[in-house]
Amino acid sequence: MAALVEAGTACRRLLFSLTPQCKYVIPNNIISLRRSHSNGSNNEECYDIIITGGGMVGTTLACAIANNRHLESKRVLLLEGGNKHKYEPQEKYSNRVVALNQQTRTLLSSIGAWQHIEAIRCSCVKMMQVWDACSDAIITFNDDYLSKELAYIVENDLLLHAVNKELQEKTNVDVVYNAKVTNLLLPNLVGEDAKVQLENGRQYKTKLLVSKKYI
């Protein structure tokens with residue numbers, strides 16, 4: 001939940017970070033590459049923003065960037081370590097779920113993903129109690145006497161499906177599946193590019209690298 005909120009915050013911070021003189025860099029076999037952009041030198045493909053690591057957080061961030069009017073012209077590459085996600089609704093609920101707060105719902109709504117979740121299924125939480133096993137201490141959470149939702153329980157697969165459905169419509173975002181990152185080269189000087197190398201030999205460079213791994 002917190003990670004998805006951070007994805008929205010990271011998107012806003014990109015507005016201040018993405019410049020030609022970018023000083024700070026935030027530091028898996030190819031199955032699908034929707035589009036590519038090449039600079040014609042050293043066999044390196046160039047993007048404005050590269051995100052290593054997909055999943056719910058990386059995919060949401062890529063979609064939020066593409067949806068931002070200040071960043072919609074930027075070329076974005078999402079390197080997803082796993083296979084392309086395929087979602088098939090099941091009668092039985094999955095036990096792999098996330099609890100999303102109101103801020104996360106707002107973020108997902110802003111990128112168009114929440115409507116896909118609501119169209120299938122989710123459960124709202126209006127009250128939560130936390131108690132101590134060794135005493136009578138207890139604390140109860142509710143919002144305006146149960147008139148509003150505290151959180152929403154959503155299956156992981158459904159959340160990823162909803163965000164992917166919106167991401168597929170973004171023409172400025174490329175996705176590489178089964179992309180295994182073997183090396184990251186961070187710039188030593190202001191103005192230089194960060195470089196990403198995959199196991200199959202493909203190389204990419206960017207002014208802004210967002211990665212939760214390999215640091």
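Trainee: What makes Gln103 and Thr106, on the other side of α3, count as exposed?

Mentor: This is a predicted model, and the term rests on relative accessible area, which must be over 50% for a residue to be exposed. Gln103 and Thr106 are placed in that class. Elsewhere in α3, which spans residues 102-110, the residues Thr104, Leu107 and Leu108 are buried.

Trainee: How do you know where the buried residues of α3 lie around the helix axis?

Mentor: Seen down that axis, the buried residues fall within an arc of 95 degrees, so they line one face of α3. A general rule is in keeping with this: an α-helix has 3.6 residues a turn, so residues three or four places apart point the same way.

Trainee: Why is Asn101 called a cap of α3?

Mentor: A side-chain oxygen of Asn101 lies 3.2 Å from the backbone nitrogen of Gln103, at the N-terminal end of the helix. The limit for a polar contact is 3.5 Å, and the separation of 3.2 Å satisfies it. Just after α3 comes Gly112, with a positive phi of about 85 degrees.

Trainee: Why is Tyr87 called buried or exposed?

Mentor: Tyr87 has a relative accessibility of 18%, and the cut-off for buried is under 20%; Tyr87 therefore counts as buried. The residue lies in a loop, between β2 (76-79) and β3 (97-100).

Trainee: Which residues are in contact with Tyr87, leaving aside its neighbours within four places in sequence?

Mentor: They are Ile120, Asp157, Leu158 and His161. In the case of His161, the two residues are 74 residues apart along the chain, yet their C-alpha atoms are separated by 6.1 Å. Contact itself is judged on heavy atoms within 4.5 Å, so the C-alpha separation is not the value that decides it.

Trainee: What makes Asn156 buried, and where is it found?

Mentor: Its relative accessible area is 14%; buried means under 20%, so the residue is buried. Asn156 is found in helix α5, residues 156-167. Leaving aside neighbours within four places in sequence, Asn156 is in contact with Met56, Arg96, Val97 and Val98. A polar atom of its side chain lies 3.5 Å from the backbone nitrogen of Val98.

Trainee: How do you know in which sense β5 and β6 pair?

Mentor: Strand β5 (residues 127-131) and strand β6 (residues 138-142) share five bridges, in the antiparallel sense. Pairing calls for at least two bridges, and five meets that condition. One of the bridges can be named: Met127 has Asn142 in β6 as its partner. A hairpin of six residues joins the two strands.

Trainee: Why is Asp132, in the loop between β5 and β6, placed in its accessibility class?

Mentor: The relative accessible area of Asp132 is 36%. Buried would require under 20% and exposed over 50%, with partly exposed in between; Asp132 is therefore partly exposed. Its side chain makes a polar contact with the side chain of Ser135, at 2.9 Å.

Trainee: What pLDDT does the protein average, and where does the value stay under 50?

Mentor: The average is 82, and 79% of the residues score at least 70. Over residues 14-41 the pLDDT stays under 50, although the model has 88 contacts beyond four places in sequence for that stretch. For the protein as a whole, there are five helices and 11 strands, and buried residues make up 39% of the 215 residues.

Methods
Residues are numbered from 1 along each chain as its sequence is written. This is a predicted model: local features need pLDDT of at least 70, side-chain atom pairs count only at pLDDT 80 or more; totals for chains, interfaces and linings use all residues. Side-chain values use heavy atoms; hydrogens and water are left out. pLDDT is the predictor's confidence in each residue, from 0 to 100. Helices (H or I, at least four residues) and strands (E, at least two) are DSSP runs, numbered from the N terminus. Buried means under 20% relative accessible area, exposed over 50%, partly exposed in between (1.4 Å probe, protein chains only). The arc is that of the directions from the helix axis to the C-beta atoms. A polar contact is a pair of N or O atoms within 3.5 Å; within protein, one must be able to donate a hydrogen and the other to accept it, and residues adjacent in sequence count only if both atoms are side-chain atoms.
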